[in-house]
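This briefing has been prepared for a reader who wishes to examine a single protein model by topic. Please consult the sequence and the coordinates alongside the text.

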Amino acid sequence: MVDQSEKIKEKLQKQKEQLSDTQELLNDAQILFDEADDVALKGAKYDKPLSLYLLSPSSALQHPERLQIAASYLKTIGFKVKIDPHASDKVTRFAGSDEDRAQAFTRAAKDKSKIVMATRGGYGINRILPMIDWKAIEANPKTYIGYSDFTAFNLALLAKTGMISYTGPNAVSDFGGSKIDELTSDIFVEVMRGELEILSFITEDADPVDTRGVLWGGNLAMIASLIGTPYMPKIKNGILFIEDVSEHPYRIERMLTQLLHAGILHKQKAIVLGHFTDYKLTPTDNGYDFSHTIAWLRSQVKVPVLTGLPYGHGEVRVTLPIGKKVGIATEDDMVHLVIDEHHH
């Protein structure tokens with residue numbers, strides 16, 4: 001794993017030299033790259049588009065017109081898009097009834113599309129987990145991708161079938177607006193085409209580590225909600241990554257405490273922290289912030305804790321496999337996540 005470090009350092013240095021006048025951008029955007037340096041460009045043409053099926057398994061679309069905008073954008077970056085007939089449904093806060101949303105997974109499984117992508121997150125997948133036809137999904141393997149509430153499906157899929165899936169952008173949330181993060185889009189395309197080998201990102205606070213394990217995780221609230229259910233995978237010697245949004249630091253700590261007392265954290269080889277955004281401290285905190293949560297976590301486990309993963313509800317959201325064995329190593333101010341280890 002570490003034999004690629006010189007190449008990575010050379011690429012990082014070139015990036016830093018090119019952005020010497022915009023150092024703030026380097027820090028904010030979390031410059032990422034991979035060994036092959038072959039990120040697909042927006043509008044790139046491919047000999048064979050990837051077939052993609054869009055479904056809405058969680059909250060209803062707040063702006064249904066953006067679904068077509070997202071579909072059009074996905075076509076420009078190399079996908080042949082099919083939209084589930086009930087993707088724009090609305091029943092109270094949900095994108096259709098529980099039964100309809102569960103059946104959307106069956107329709108997707110039986111469709112010829114190779115990739116199945118959520119339109120948005122929100123809330124609702126936990127309600128339909130017992131209704132999903134897991135046998136149909138297992139009999140018709142697809143590449144599933146989404147994030148936030150979709151974490152419940154990612155982990156349930158792993159627990160029920162052992163299948164690898166992906167967490168990354170949602171169609172409408174990420175590609176249906178007026179502003180699209182190109183790095184999120186580029187990494188998504190590259191992962192879907194099996195081109196990403198190494199993902200590297202800057203860290204300001206990481207314990208040293210050089211190990212391999214099953215990568216898993218996602219939204220922390222969704223992970224905690226699955227503990228004690230048949231939809232929680234049992235991962236030993238894994239690499240757990242987490243993120244959350246609009247959760248106060250003490251609530252993050254409370255959910256981590258749940259994973260701690262359930263014996264989950266101690267079984268991991270590394271814990272990687274992504275974005276924890278959109279919360280405000282109150283006078284009651286008396287200075288208690290997320291840095292205190294991290295310090296508490298380190299005091300409770302002997303597992304290396306790494307920060308800086310550009311994943312979650314921030315501006316940049318990388319695409320990551322869930323259930324796949326990967327490598328992870330730190331070097332100076334960098335973390336290298338080996339997604340596909342090829343020997344050249």
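The points below cover empty space, aromatic contacts, secondary structure and backbone conformation.

The structure is a predicted model. A search for enclosed space in it gives 1 cavity of 30 Å³ or more, and a search for ring contacts gives 11 aromatic pairs. Helix 7 (residues 151-161) is mostly covered, as is strand 1 (residues 50-55).

**Cavity and pocket**

- Rolling a probe the size of a water molecule over the atoms shows where empty space is left.
- The largest cavity holds about 30 Å³ of space.
- Its lining consists of F201, L215, F241, V272, L309, L320, I328 and L337. By class, this lining comprises 8 nonpolar residues, with no polar and no charged ones.
- The second largest pocket has a volume of about 220 Å³.
- A total of 13 residues line the second largest pocket, and M232, P233, K234, I264 and K267 are those that lie nearest its centre.
- The lining of the second largest pocket is mixed in class, with 7 nonpolar, 3 polar and 3 charged residues.

**Aromatic contacts**

- A pair of aromatic rings is described by the distance of the centres and the angle of the planes.
- Among the 11 aromatic pairs found in the whole structure is that of Y144 and F153, with 5.0 Å from centre to centre and 55 degrees between the planes. This geometry is classed as tilted.
- Both Y144 and F153 are buried.
- Y144 and F153 also belong to a cluster linked by ring pairs, whose other members are F105, W134 and F150.
- A charged side chain is placed over a ring elsewhere: R317 lies over the face of Y147, at 4.1 Å from the ring centre.

**Helix 7**

- Of the 11 residues in helix 7, 9 are buried.
- The buried residues are T151, A152, F153, N154, L155, A156, L157, L158 and T161. F153 is thus listed here and is also a member of the aromatic cluster.
- An α-helix has 3.6 residues a turn, so residues three or four places apart point the same way.
- G162, just after helix 7, takes a positive phi of about 80 degrees.

**Strands 1 and 2**

- In strand 1, 5 of the 6 residues are buried.
- Strand 1 pairs with strand 2 (residues 79-83) in the parallel sense, over 5 bridges.
- Within this pairing, L52 stands opposite V81 of strand 2.

**Non-glycine residues with positive phi**

- N286 is not a glycine, yet has a positive phi of about 55 degrees.
- The loop that holds N286 runs between strand 9 (270-277) and helix 12 (290-300).
- Is N286 buried or exposed? With a relative accessible area of 73%, N286 is exposed.
- D332 likewise has a positive phi of about 55 degrees although it is not a glycine.
- D332 is located in the loop between strand 12 (324-331) and strand 13 (334-338).
- The relative accessible area of D332 is 68%, which means that D332 is exposed, the cut-off for this class being over 50%.

Methods: Residues numbered from 1 in each chain as written. Predicted model: local features only at pLDDT ≥ 70, side-chain atom pairs only at ≥ 80, totals over all residues. Heavy atoms only, no water. 1 Å grid on protein atoms, 1.4 Å probe; cavity = no way out; pocket = protein on both sides within 12 Å on 5 of 7 lines; lining within 4 Å. Points joined across faces, edges and corners; volume = space filled by probe spheres on them. Nonpolar A, V, L, I, M, F, W, Y, C, P; charged D, E, K, R; others polar. Phe/Tyr/Trp six-rings, centres within 6.5 Å; stacked < 30°, edge-to-face > 60°. Buried < 20%, exposed > 50% of the residue type's maximum accessible area, 1.4 Å probe, protein only. Lys NZ or Arg CZ within 6 Å of the ring centre and 35° of its normal. Helix = DSSP H or I, 4+ residues; strand = E, 2+ residues; numbered from the N terminus. Pairing = 2+ DSSP bridges.
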